[in-house]
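User: Please take me through the reasoning behind the descriptions attached to this structure. I should like each term set against its criterion.

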Amino acid sequence: MIYFTTGLVKLQGTGGLFKPDGVGWFEGTWWDGTSIHYALNYVTMSRISYASLPLPLWLTMMMTYTSVWWETLFPLLVLFRWTRKWALLLGILFHLGIWFTLAIGWFSFFMIAFYGVWVPDEFWARWLDKKADPPLAA
């Protein structure tokens, strides 16, 4: 629900839900693809100077659109077994990317910790069995 709601708020644009004139619904940095570009250039939040890592605008634009749509569609992506693995893998890469580039504390690791609930019991049982097996003698 965290991803879904933040994705919806980002897609909402600069207009509010209760704005009567509807101005700003399809406007804003998430719609024009510049959100990640601006975040990476924000001096007090960025771990790496833009001068040291000048990512092209087309790349940060792709990252912006991918992240907002991944967040919005996350509930559907984890609902189906055949897309769950890819959604979780993208989420891990997403959060590691946030951790490496932005100074926002432990947020990324807290979010990754929640991913354990999406991993099937069979995986955890196999993983624990492998850890419990004694090493083979040579």
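Analyst: The discussion below concerns a predicted model and treats one helix, its packing and the core.

User: What makes the span of α5 close to the expected one?

Analyst: Helix α5 covers residues 81–101, 21 residues in total. The distance from its first C-alpha to its last is 31 Å, and 30 Å is expected at 1.5 Å a residue.

User: How do you know that the buried residues of α5 line one face?

Analyst: The buried residues are Thr-83, Arg-84, Ala-87, Leu-88, Gly-91, Phe-94, His-95 and Ile-98. Viewed down the helix axis, they fall within an arc of 135°, so they occupy one face of α5. The face turned away from them carries exposed residues, namely Trp-82, Lys-85, Trp-86, Leu-93 and Phe-100.

User: Against which helices do the buried residues of α5 pack?

Analyst: They pack against α1 (2–12), α4 (57–79) and α6 (107–113). For α4 and α5, the packing angle is about 145° and the axes lie 9 Å apart; the crossing is left-handed. Among the residues making this contact are Trp-70 and Phe-74 of α4, and Ala-87 and Leu-88 of α5.

User: Why is the set containing Tyr-3 and Met-111 called a nonpolar core?

Analyst: The term requires buried residues of nonpolar types joined through side-chain atoms within 4.5 Å. The largest such set has 10 residues: Tyr-3, Trp-70, Phe-74, Val-78, Ala-87, Leu-88, Phe-94, Ile-98, Met-111 and Tyr-115; therefore this set meets the criterion. Its largest share, 4 residues, comes from α5.

How values were computed
Residues are numbered from 1 along each chain as its sequence is written. This is a predicted model: local features need pLDDT of at least 70, side-chain atom pairs count only at pLDDT 80 or more; totals for chains, interfaces and linings use all residues. Side-chain values use heavy atoms; hydrogens and water are left out. Helices (H or I, at least four residues) and strands (E, at least two) are DSSP runs, numbered from the N terminus. The expected span of a helix is 1.5 Å times one less than its number of residues. Buried means under 20% relative accessible area, exposed over 50%, partly exposed in between (1.4 Å probe, protein chains only). The arc is that of the directions from the helix axis to the C-beta atoms. Contact means heavy atoms within 4.5 Å. Axes are lines fitted to C-alpha atoms, for helices over the stretch in contact, and angles run from 0 to 180 degrees between N-to-C directions. A crossing is left-handed if the near helix is turned anticlockwise from the far one by less than a right angle, and right-handed if clockwise.
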